[in-house]
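Hi,

Here is the structure I promised to pass on. Please have a look at it first, and then read my notes below.

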Amino acid sequence: MTALPSSDHEALTARLRDFIDSQVIPREQLLQAHDTHAVQQAVQALQREALALGLGRPRGNRSEGGLGLTWEQCCAYLETAGRSFLGPAVLHCAPPIQPDMFALEALASPTQRQRYLEPLKHGQLRSCFAMTEPAPGAGSDPRMLNTTARRLDSGDWEINGHKWFITGAAYAQFAIVVARTDAGVSWFLVDSRTPGFEVTRIIPTMEPFDIGGHGEIVLHNCRVPEDALLGEEGKGLDHAQLRLEGARLFHCMRYIGLASRAMDIAQEYASQRESFGARLADHQMVQAMIADAHIQLYAARLMTRDVARRLDAGESIRHHSSMAKVFVSETVCSVADSAVQICGAMGISEDTPVSMIFRMLRPFRIYDGASEVHRSAIARRALHQRLSA
Ligand SMILES: Cc1cc2nc3c(=O)[nH]c(=O)nc-3n(C[C@H](O)[C@H](O)[C@H](O)COP(=O)(O)OP(=O)(O)OC[C@H]3O[C@@H](n4cnc5c(N)ncnc54)[C@H](O)[C@@H]3O)c2cc1C
């Protein structure tokens, strides 16, 4: 994509900041955060406003009404959107929809594009991505996949399996289901009204505000047509890598925004509140927490931007995105933890968004590859390829 001139990009980001602060943050309604329906309604109303203001779909083609930002330009834009729990969904670039769009762009046949990708781009359909399974199925190790897709004589596929923690399952009209065939791990497009496909529950979790919650899905003799296969049979693990790389980067960008907001609130509190005859902001140990947060977020931004630049340049980002994902996910948690600490009891209440931010950020150390799994992959590559640190 051709980069937007930098003055246009700055003006666009400033307009977004204004929209997020004046329209989106006031409608967050912390106490309704566990109500997926209320959150969905708030997002839909705001999506229409964002579209009218020309603020949606940062990676969408300009010819199709998107903003056409480069990955690097997305850094500041997504960070700004990410200051609100609702921001990325309002801009139609939250997971799972955004990474599902990346995957469909790369893999869908002309018929699949027409049926799934186009309506997904325009908010007429919602999707979810169903890979993870309860033990003993696939979690960190995708090779443990237990869901199967069997080809019938008619050419149709019959899928059986059990998935969980599937974000957006409650409102998805279709799922990308990962299943094992004779050729290996493969992807299937499954309409959620297909007999044998059932969202059995939404799993209560520590972090609400994900549109459509995290669902558990049972597939029982779920029959889909021959052309439900997405991409190449047996290449599902490669497809997953492709889907995840951009998604991880988007998470880094938006969560830097949330962590930065938590620290802004903490700084404000520290500037007002007094203890032992001084403002909290005058105590050196509080200053150290604030300084460390700034140092950490500065480094997190630089790493994220570097990976974005590499992606824009068409380089492989496997190694660098792993390092950035580990660093950023741990950094934003640490910054949010300090924000909670500085705010004292108020920091664990829902009188401010700080505790909710802390809870939203914590799972990022687990999904899109747990820190330990990335560390082991980074070290393996470093040792096998004799990479210099
Ligand atoms: C908020 C949220 C949203 C999610 N959304 C989706 C979704 O939309 N679709 C989907 O398919 N899945 C989704 N997931 C699931 C996610 O992909 C898995 O949680 C992740 O792959 C880890 O699998 P697991 O939970 O089974 O952990 P396990 O595989 O049981 O691992 C547990 C822990 O063991 C440790 N560990 C594992 N392997 C190693 C290793 N090799 N070395 C050292 N330590 C290790 C890590 O600390 C890890 O956290 C989501 C999860 C969360 C929390």
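Asn221 is a good place to start: this residue is part of strand 7, which covers residues 214-224. Its phi is near 45°, a positive value in a residue other than glycine. Please keep in mind that this is a predicted model, so I would call this a feature of the prediction.

Two peptide bonds also caught my eye. The bond from Pro95 to Pro96 is cis, with omega near 5°. Pro96 belongs to the loop that runs between helix 4 (87-90) and helix 5 (97-107). The other cis bond links Ala135 to Pro136, and here omega is about 10°. Pro136 is again a loop residue, placed between strand 1 and strand 2 (148-151). As background for these notes, most residues other than glycine have a negative phi, and most peptide bonds are trans.

Now for the ligand. Where does the ligand sit? You will find it in the largest pocket. The elements that each give two or more residues to the shell around the ligand are strand 1 (127-130), strand 3 (157-167) and helix 11 (371-384). Strand 3 provides the largest share, with three residues.

In total, 16 residues surround the ligand, and the closest are Phe129, Thr132, Phe165, Thr167 and Glu372. Sorted by class, this shell holds nine nonpolar, five polar and two charged residues. Domain 2 (127-234) and domain 3 (237-384) each contribute at least three residues to the shell.

Which residues make polar contacts with the ligand? Here are three that I noted:

- Ser140 has a polar side-chain atom 2.8 Å from an oxygen atom of the ligand.
- Phe165 takes part through its backbone, where a polar atom is 2.9 Å from a nitrogen atom of the ligand.
- Glu372 has an N or O atom in its side chain that lies 2.8 Å from an oxygen atom of the ligand.

As for how much of the ligand is covered, it has 980 Å² of accessible area on its own, and the protein covers 62% of that.

Happy to talk any of this over once you have had a look.

Best wishes

Conventions: Residues numbered from 1 in each chain as written. Predicted model: local features only at pLDDT ≥ 70, side-chain atom pairs only at ≥ 80, totals over all residues. Heavy atoms only, no water. Near = heavy atom within 4 Å. Polar contact = N/O pair within 3.5 Å; in protein donor to acceptor, adjacent residues only side chain to side chain. Areas by Shrake-Rupley, 256 points an atom, 1.4 Å probe, with all protein chains shown as cover. 1 Å grid on protein atoms, 1.4 Å probe; cavity = no way out; pocket = protein on both sides within 12 Å on 5 of 7 lines; lining within 4 Å. Sits in = over half its atoms within 2 Å of the grid points. Helix = DSSP H or I, 4+ residues; strand = E, 2+ residues; numbered from the N terminus. Nonpolar A, V, L, I, M, F, W, Y, C, P; charged D, E, K, R; others polar. Domains from an automatic or database assignment.
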